[in-house]
Amino acid sequence: MRVFEGASIAWEQADPAHFTGRARVKRADADDPAGPAKVYRVEFEAEARTNWHAHSGPQVLLVVEGRCRVQKWGEPGREVGAGDIVYIPGNERHWHGAAPGSPMTHIALTLAAITRWLEPVSDEEYAAAGSLAGGGDPALSDEEVDAVLRPIDERGAAR
Ligand code: MN
């Protein structure tokens with residue numbers, strides 16, 4: 001067991017290479033034999049959002065404040081609010097961020113997974129979330145899955 005005292009964790013600016021707009025993060029990362037365990041408290045300014053990305057394992061988002069806009073590749077985006085929980089299966093392309101007009105905070109739990117960052121969410125995609133039409137393949141290609149999973153295999157092999 002390991003306790004992270006939230007008040008003692010320093011805020012970090014979210015990496016602008018992977019976010020549009022400003023967000024700050026408190027990280028509680030731990031090694032575990034099953035894979036990395038990552039718990040992030042992320043505060044997004046209004047309209048700030050992640051790039052498109054995928055995690056090699058499941059992610060759970062717990063919205064604690066504000067309105068959260070989320071989208072799975074190829075499906076319309078939607079908004080959820082404080083108290084809502086979003087489950088994102090492994091290797092599913094998606095993004096998450098604050099709705100227009102107010103900041104949003106979520107807790108992100110990503111267990112035994114690593115993140116593959118993709119392209120930014122365009123202003124058009126962001127604005128259209130809720131009315132996005134048309135298809136797309138929500139799954140990563142086999143090559144992309146291999147690229148995501150390989151570092152975990154290498155971690156495992158190194159132990
Ligand atoms: Mn995510």
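## E47 and A112: positive phi outside glycine

In this predicted model, E47 is buried because 20 other C-beta atoms lie within 10 Å, and 20 or more is the cut-off for that class. The residue sits in the loop that runs between β4 (37-44) and β5 (49-50). Its phi is near 75°, a positive value in a residue other than glycine. Most residues other than glycine have a negative phi.

A112 also has a positive phi, near 55°, and is likewise not a glycine. A112 belongs to the loop between β12 (104-111) and β13 (115-117). With 17 other C-beta atoms within 10 Å, A112 counts as partly exposed.

## Overall make-up and confidence

The protein chain has 159 residues, of which 25% count as buried. Its secondary structure consists of two helices and 13 strands. Among contacts in the chain with a separation of 6 or more, 74% join residues 24 or more positions apart.

The average pLDDT of the chain is 86, and 82% of the residues score at least 70. Residues 130-138 have a pLDDT below 50; beyond near neighbours in sequence, this stretch has 15 contacts in the model.

## The six-stranded sheet

An open sheet is formed by six strands in the order β1-β3-β4-β12-β7-β10, with antiparallel pairing. β1 (12-13) and β10 (85-88) are the edge strands, each pairing on one side only. In a regular strand the side chains alternate between the two faces of the sheet.

From the β1 edge, the pairing can be followed strand by strand. β1 pairs with β3 (residues 23-30) in the antiparallel sense over two bridges; E12 has V25 in β3 as its bridge partner. β3 and β4 are then joined, again antiparallel, by eight bridges, with D29 bridged to K38 in β4. These two strands form a hairpin with six residues between them, and G35 in the turn has a positive phi of about 135°. On to β12, β4 makes an antiparallel pairing over eight bridges, where V42 stands opposite H106.

## The β8-β9 hairpin

β8 and β9 (residues 78-81) pair in the antiparallel sense over four bridges. One of the bridged pairs is R67 with G81 in β9. The two strands make a hairpin with five residues between them; in the turn, G74 has a positive phi of about 85°.

V70 offers a view of the surroundings of β8 (67-72). Leaving aside neighbours within four places in sequence, V70 is in contact with G77, R78, V80, V86, H94 and H96.

## The nonpolar core

The largest nonpolar core has 12 residues: F19, A23, V42, F44, L61, V63, C68, V70, A98, A99, M104 and A108. The elements that give two or more residues to this core are β4, β7 (59-65), β8 and β12. In soluble globular proteins, nonpolar side chains tend to be buried together.

Several residues named above recur in this list. V42, which faces H106 across the β4-β12 pairing, is a core member. V70, with its contacts to residues such as V80 and V86, is another core member.

## N51 and its contacts

N51 lies in the loop between β5 and β6 (53-55). The residue counts as partly exposed because it has 17 other C-beta atoms within 10 Å, a number between the limits of 12 and 20.

Residues up to four places away in sequence aside, N51 touches H18, F19, W95, W117, L118, E119, P120 and V121. Of these contacts, F19 is a member of the largest nonpolar core. W95 is 44 residues from N51 in sequence, yet the C-alpha to C-alpha distance is 6.0 Å.

## A127 in helix α1

A127 is part of helix α1 (residues 123-128). It is partly exposed, with 13 other C-beta atoms within 10 Å.

A127 and A99 are 28 residues apart in sequence and 9.6 Å apart in space, C-alpha to C-alpha. A99 is one of the residues of the largest nonpolar core.

Key:
Residues are numbered from 1 along each chain as its sequence is written. This is a predicted model: local features need pLDDT of at least 70, side-chain atom pairs count only at pLDDT 80 or more; totals for chains, interfaces and linings use all residues. Two strands pair if DSSP finds at least two bridges between them. A nonpolar core is a set of buried Ala, Val, Leu, Ile, Met, Phe, Trp, Tyr and Cys residues joined through C-beta atoms within 7 Å. Two residues are in contact if their C-beta atoms, placed from the backbone, lie within 7 Å. pLDDT is the predictor's confidence in each residue, from 0 to 100.
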